[in-house]
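The exercises below ask the reader to work from individual residues outward to the whole chain. Each task is followed by a solution that proceeds step by step.

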Amino acid sequence: HKNYWGNKYALTIGFEWIDFFTWGNSFQLEYARVEPWLFSHVTADNQFQNHGFLIGSSLPPNSHQVFSSYTQNIFDILAINLAYTWQQHQLYDRGSSILDLHSEEFDSATKVFLGEKPKTSHIVDASVVWAPWYYSDFEAGLRYVNNSNQGVLANQSSEINTIWLKTSVRY
């Protein structure tokens with residue numbers, strides 16, 4: 001039975017094209033899907049999580065996404081990154097949380113992927129990375145997130161804007 005709750009999988013497929021049409025750029029495209037109940041088991045001791053954080057995919061159970069990004073390097077020390085992510089996640093169905101435990105008494109033996117009215121997110125990222133030395137870099141970026149169909153009322157939406165600064169040191 002292909003929709004049996006115990007048949008759990010996640011998949012990611014994608015590609016990266018480097019130096020297409022000109023030197024110093026790359027394009028990535030990726031699809032990822034995580035089935036309901038993926039990180040769960042029959043008992044809490046066997047959950048695939050650690051203190052409420054996923055072990056494995058960064059997507060929660062019962063979700064999928066398409067990710068695309070473009071990076072343009074300018075000289076060897078500066079890069080411009082643009083990314084877009086489309087994501088859907090079912091917030092309310094059982095099996096959509098890493099903390100859900102399947103119970104034969106209360107839960108169906110058949111899983112339903114996404115169900116009705118999943119939360120849909122559109123995420124746009126733009127950043128600039130400056131790497132003046134081999135062992136360090138500095139990044140500044142902007143993220144815009146638009147969430148729809150979240151909450152009890154249909155067509156309820158929210159927008160989130162984030163600015164970040166990050167530095168990395170490699171040794």
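**Exercise 1. Determine whether D125 is buried or exposed, and describe its surroundings.**

Step 1. The relative accessibility of D125 is 12%, and D125 therefore counts as buried, where buried means under 20% relative accessible area, exposed over 50% and partly exposed in between, with a 1.4 Å probe and protein chains only. The model is a predicted one, in which local features need pLDDT of at least 70 and side-chain atom pairs count only at pLDDT 80 or more, while totals for chains, interfaces and linings use all residues. Residues are numbered from 1 along each chain as its sequence is written, and side-chain values use heavy atoms, with hydrogens and water left out.

Step 2. D125 lies in strand β7, which covers residues 119-133; strands (E, at least two residues) and helices (H or I, at least four) are DSSP runs numbered from the N terminus.

Step 3. The side chain of D125 is joined to that of R143 by a polar contact of 2.6 Å. A polar contact is a pair of N or O atoms within 3.5 Å; within protein, one must be able to donate a hydrogen and the other to accept it, and residues adjacent in sequence count only if both atoms are side-chain atoms.

Step 4. Leaving aside residues up to four places away in sequence, D125 touches N81, L82, A83, L142, R143 and W164, contact being heavy atoms within 4.5 Å.

**Exercise 2. Which side chain makes a polar contact with that of S121, and which residues does S121 touch?**

Step 1. S121 is placed in strand β7, and its relative accessible area of 4% makes S121 buried.

Step 2. The polar partner is N147, whose side chain meets that of S121 at 2.5 Å.

Step 3. When residues up to four places away in sequence are not counted, S121 touches T85, W86, Q87, N146 and N147.

**Exercise 3. How many aromatic pairs does a search of the whole structure find, and how are the rings of F15 and F27 arranged?**

Step 1. The search finds nine aromatic pairs. Rings of Phe, Tyr and Trp (its six-membered ring) pair if their centres lie within 6.5 Å; planes under 30 degrees apart count as stacked, over 60 as edge-to-face and the rest as tilted.

Step 2. F15 and F27 form a tilted pair, with 6.1 Å from centre to centre and 55 degrees between the planes. This pair links distant parts of the chain, since F15 belongs to strand β1 (residues 10-18) and F27 to strand β2 (residues 25-34), 12 residues apart.

Step 3. F15 counts as partly exposed at 43% relative accessibility, and F27 is also partly exposed, at 27%. For W17 and F21, the ring centres are 5.7 Å apart and the planes stand at 55 degrees, so this pair is tilted.

Step 4. W17, at 44% relative accessibility, counts as partly exposed, whereas F21, at 79%, counts as exposed. One aromatic cluster is formed by F15, W17, F20, F21, F27 and Y70.

**Exercise 4. Where are D19 and F75 placed, and what is the phi of each?**

Step 1. Most residues other than glycine have a negative phi.

Step 2. D19 is in the loop between β1 and β2, and its phi is near 55 degrees, a positive value in a residue other than glycine. D19 is partly exposed, with a relative accessible area of 39%.

Step 3. F75 is in the loop between β5 and β6 (78-89), and although not a glycine, F75 has a positive phi of about 60 degrees. At 66% relative accessibility, F75 counts as exposed.

**Exercise 5. How many helices and strands are there in the protein chain, and what percentage of its residues count as buried?**

Step 1. The protein chain has zero helices and nine strands.

Step 2. Of its 171 residues, 33% count as buried.

Step 3. Among contacts between residues at least 6 apart in sequence, 61% join residues at least 24 apart.
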